[in-house]
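Biologist: I know my way around a bench, but not around a model on a screen. Could you show me how to read one, feature by feature?

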Amino acid sequence: MRVAERLVCIKRYASPCGELLLGSYGDKLCLCDWTARMRRSQIDQRLLRELDTQMMEGDSETLLAATRQLDEYFCGERRVFDLPMLMIGTAFQRRIWQELVKIPYGAIVSYAELARRIGNPTAVRAVANANGANAISIFVPCHRVIGANGTLTGYAGGLNTKRFLLNMEAENLSLLAN
């Protein structure tokens, strides 16, 4: 690996509902996170510690592809992402994030349902914590998880952003059905 490939290459992305920080490591997307999130520095520290690296602003083929796919998503032209991702977290967190990727565009599930899907129905709080530690928002669609009573609950980008994303996906699906 060349020196630049051992760095997390980062760039900002202005979405219609807030600014995201994108990051790639080698040929994988490892970061797509809201710049205004409360735990922003914790996410970065976890990535840098686990990868034993640093961040550098710039561009990469992966970031160019991520930008293109996000543009398509926000225009209603993309429902499935196909970038290779590097999910940095505990085995439990990665298991939750891999389950999140299976939630279809426009669908929602509760934290309790997510806990049942991984075969641990009593782990609702742990599932919620893993969901909150997701560093690859939108590509790993943690916005599609809601409270058991149907309410919108915590989201790194804020509840208005979560509402925006869910409404956008629902609108795009209804346009497709017409």
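Biologist: Let me start with a single residue: is Ile-103 buried or exposed?

Modeller: Keep in mind that this is a predicted model. For burial, look at relative accessibility and ask whether it falls under 20%. Ile-103 has a relative accessibility of 2%, so the residue counts as buried. You will find Ile-103 in the loop between helix 3 and strand 5 (109–110).

Biologist: Which residues does Ile-103 touch, leaving out those up to four places away in sequence?

Modeller: Ile-103 is in contact with Val-109, Arg-117, Pro-141, Arg-144 and Val-145. Sequence separation and distance in space are two things to read side by side. Take Ile-103 and Cys-142: 39 residues separate them in sequence, yet their C-alpha atoms are 9.1 Å apart.

Biologist: How far apart in space are Gln-98 and Arg-68?

Modeller: Their C-alpha atoms are 22 Å apart, with the two positions 30 residues apart in sequence. Gln-98 is part of helix 3 (residues 91–101). Its relative accessible area is 46%, so Gln-98 is partly exposed, a label for values from 20% to 50%.

Biologist: Now the interior. What should I look for there?

Modeller: The general idea is that in soluble globular proteins, nonpolar side chains tend to be buried together. Here, the largest nonpolar core has 50 residues, and those touching the most other members are Leu-70, Phe-74, Leu-100, Ile-138 and Phe-139. Helix 2 (residues 61–74) makes the greatest contribution to this core, with six residues.

Biologist: Which residues does Ile-138 touch, again without those up to four places away in sequence?

Modeller: Its partners are Leu-20, Trp-34, Leu-70, Tyr-73, Phe-74, Phe-81, His-143 and Leu-165.

Biologist: How do I read empty space, such as pockets and cavities?

Modeller: Ask for the volume, then the lining. The largest pocket holds about 290 Å³ of space. It is lined by 14 residues, and Arg-37, Gly-132, Gly-154, Tyr-155 and Ala-156 are the closest to its centre. Helix 5 (residues 124–132) supplies the most to this lining, four residues. By type, the pocket lining has six nonpolar, six polar and two charged residues.

Biologist: What is the volume of the largest cavity, and how does its lining divide?

Modeller: The volume of the largest cavity is about 50 Å³. Its lining has nine nonpolar residues, one polar and one charged. Among the lining residues are Cys-30, Arg-46, Trp-97, Asn-134 and Val-140. There is one cavity of 30 Å³ or more in the count.

Biologist: Last topic: how many salt bridges are found in the whole structure?

Modeller: The search finds 14. For each pair, read the N to O distance together with the burial of both partners. Asp-33 and Arg-40 form a salt bridge whose closest N and O atoms are 2.5 Å apart, and both residues are buried. Arg-49 and Glu-50 also pair up, at 3.7 Å from N to O, but these two residues are exposed.

Biologist: And what about Lys-28: which residue does it form a salt bridge with?

Modeller: Lys-28 pairs with Asp-27, with 3.8 Å between the closest N and O atoms. Lys-28 has 32% relative accessibility, so it counts as partly exposed.

Biologist: Which residues are linked in a network of salt bridges?

Modeller: Asp-33, Arg-37, Arg-40 and Asp-44 are linked in this way. You have met Arg-37 already, as one of the residues closest to the centre of the largest pocket.

Methods: Residues numbered from 1 in each chain as written. Predicted model: local features only at pLDDT ≥ 70, side-chain atom pairs only at ≥ 80, totals over all residues. Heavy atoms only, no water. Core = buried A, V, L, I, M, F, W, Y, C linked by side-chain atoms within 4.5 Å. Buried < 20%, exposed > 50% of the residue type's maximum accessible area, 1.4 Å probe, protein only. Helix = DSSP H or I, 4+ residues; strand = E, 2+ residues; numbered from the N terminus. Contact = heavy atoms within 4.5 Å. 1 Å grid on protein atoms, 1.4 Å probe; cavity = no way out; pocket = protein on both sides within 12 Å on 5 of 7 lines; lining within 4 Å. Points joined across faces, edges and corners; volume = space filled by probe spheres on them. Nonpolar A, V, L, I, M, F, W, Y, C, P; charged D, E, K, R; others polar. Salt bridge = Lys/Arg side-chain N within 4 Å of Asp/Glu carboxyl O.
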